[in-house]
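Work through the two exercises below with the coordinates open, and compare each step with the solution that follows it.

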Amino acid sequence: MNIHEKYIKRCIEIAKNGLGNTRPNPMVGCVIVHNSNIIGEGFTSAYGGNHAEVNAINSVVDKHLLKDSTLYVTLEPCSHFGKTPPCSDLIIKCQITNVVIGCIDNNIKVAGKGIEKLKNAGCQVTVGVLEAECKEHHKRFFTFHNKKRPYIIFKWAETQDGFMAPLTKKDQRPVWISNDYSRQLTHKWRAEEQAILVGTNTVLQDNPSLTVRDWTGHNPIRIVIDKDLKLPKNLAVFNDEAETIVISKNEIDFSKKVAKQICYILFQKNINSVIIEGGRHIIQTFIDENLWDEARIFTGNISFNTGIKAPKFKGKLMSEEYIMDDNLKTYKND
């Protein structure tokens with residue numbers, strides 16, 4: 001690992017502090033180095049607040065050191081006015097002449113313009129350090145801008161014999177397959193994503209609240225697919241704990257590609273990531289239209305012998321671990 005990679009790696013690490021809070025902005029990390037010492041660090045504030053570069057520069061005690069320092073950042077500094085002024089302008093104003101960037105921001109509003117502005121001001125700019133790692137870190141942001149849809153994550157639990165739910169049950173509540181620790185991890189994931197999506201049957205059968213009860217963080221926006229608007233309004237998904245968006249036959253044509261239409265609606269609503277928790281039909285719909293990025297699948301230590309089969313898909317296994325007696329596998333869409 002060379003010296004540039006060392007500091008970009010640090011940028012990625014601190015950028016993760018913004019996970020779940022910066023959306024729809026990317027969670028950027030920035031480090032400022034003077035004579036091999038880190039003198040400033042920052043990550044993107046909650047939406048509407050300072051960008052990572054601003055926070056890093058503000059954290060430097062002796063501003064006179066900036067002109068002899070190197071600024072490292074995971075994503076190309078912005079060059080346009082949004083909620084805040086352009087970061088590239090601030091870098092130039094502070095006379096920081098060396099800038100190292102993980103990856104280019106191909107959002108049409110930036111797309112190399114920040115780098116061009118820095119170079120025109122006399123900055124020495126290095127681009128593409130740990131580029132693959134930075135792109136992976138910014139996967140939600142890039143998916144949203146490049147594919148015009150949210151980053152899509154599946155999550156479900158299945159039994160040892162491949163069922164995700166029983167055929168029938170007595171009560172309007174979930175039949176748990178995974179353990180308490182896995183469920184807490186699921187609530188952590190909910191806090192990290194902008195929205196959570198479920199179908200009509202899941203709401204009717206389980207009456208879920210789809211919140212982060214077992215974790216600290218923001219509740220995701222609840223997306224409920226209710227073709228015929230038959231869900232009673234006294235169900236938990238309609239309480240005031242989080243925003244709920246209902247997609248029915250008034251919004252999309254259910255005789256055509258449903259997943260594609262849902263993605264379009266979510267893109268229009270500026271939602272850059274969604275975790276889909278069920279049921280089988282809605283997950284399979286997204287699989288069949290090849291509109292997904294990641295699948296997180298728990299296998300619990302129980303069997304049903306009969307029931308609703310888990311979705312069928314093909315993906316690249318990225319990791320496998322055990323959460324107590326639950327097996328968790330994470331897949332990426334090839």
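The exercises treat a sheet with a helix on it, and then a cavity.

The model is predicted, so that local features need pLDDT of at least 70 and side-chain atom pairs count only at pLDDT 80 or more, while totals for chains, interfaces and linings use all residues. Residues are numbered from 1 along each chain as its sequence is written, and side-chain values use heavy atoms, with hydrogens and water left out.

**Exercise 1.** Trace the order of the strands in the open sheet, and find what packs on it.

Step 1. Strands are DSSP runs of E with at least two residues, helices are runs of H or I with at least four, and both are numbered from the N terminus; two strands pair if DSSP finds at least two bridges between them.

Step 2. The 8 strands follow the order β10-β9-β8-β11-β6-β12-β15-β14, with mixed pairing. At the edges, β10 (244-247) and β14 (316-323) each pair on one side only.

Step 3. Helix α7 (residues 180-192) packs on this sheet, and among the strands it touches (heavy atoms within 4.5 Å) are β6 (151-158) and β12.

Step 4. Strands β12 (residues 294-299) and β15 (residues 326-332) are antiparallel and share 6 bridges, and K332 in β15 is the bridge partner of E294.

**Exercise 2.** Which residues lie nearest the centre of the largest cavity?

Step 1. On a 1 Å grid over the protein atoms alone, a cavity is a set of points where a 1.4 Å probe fits but cannot get out, and lining residues have an atom within 4 Å of a point.

Step 2. Of the 16 lining residues, T22, N25, M27, R140 and N272 lie nearest the centre.

Terms used
Axes fitted to C-alpha atoms, helices over the stretch in contact; angles between N-to-C directions. 1 Å grid on protein atoms, 1.4 Å probe; cavity = no way out; pocket = protein on both sides within 12 Å on 5 of 7 lines; lining within 4 Å.
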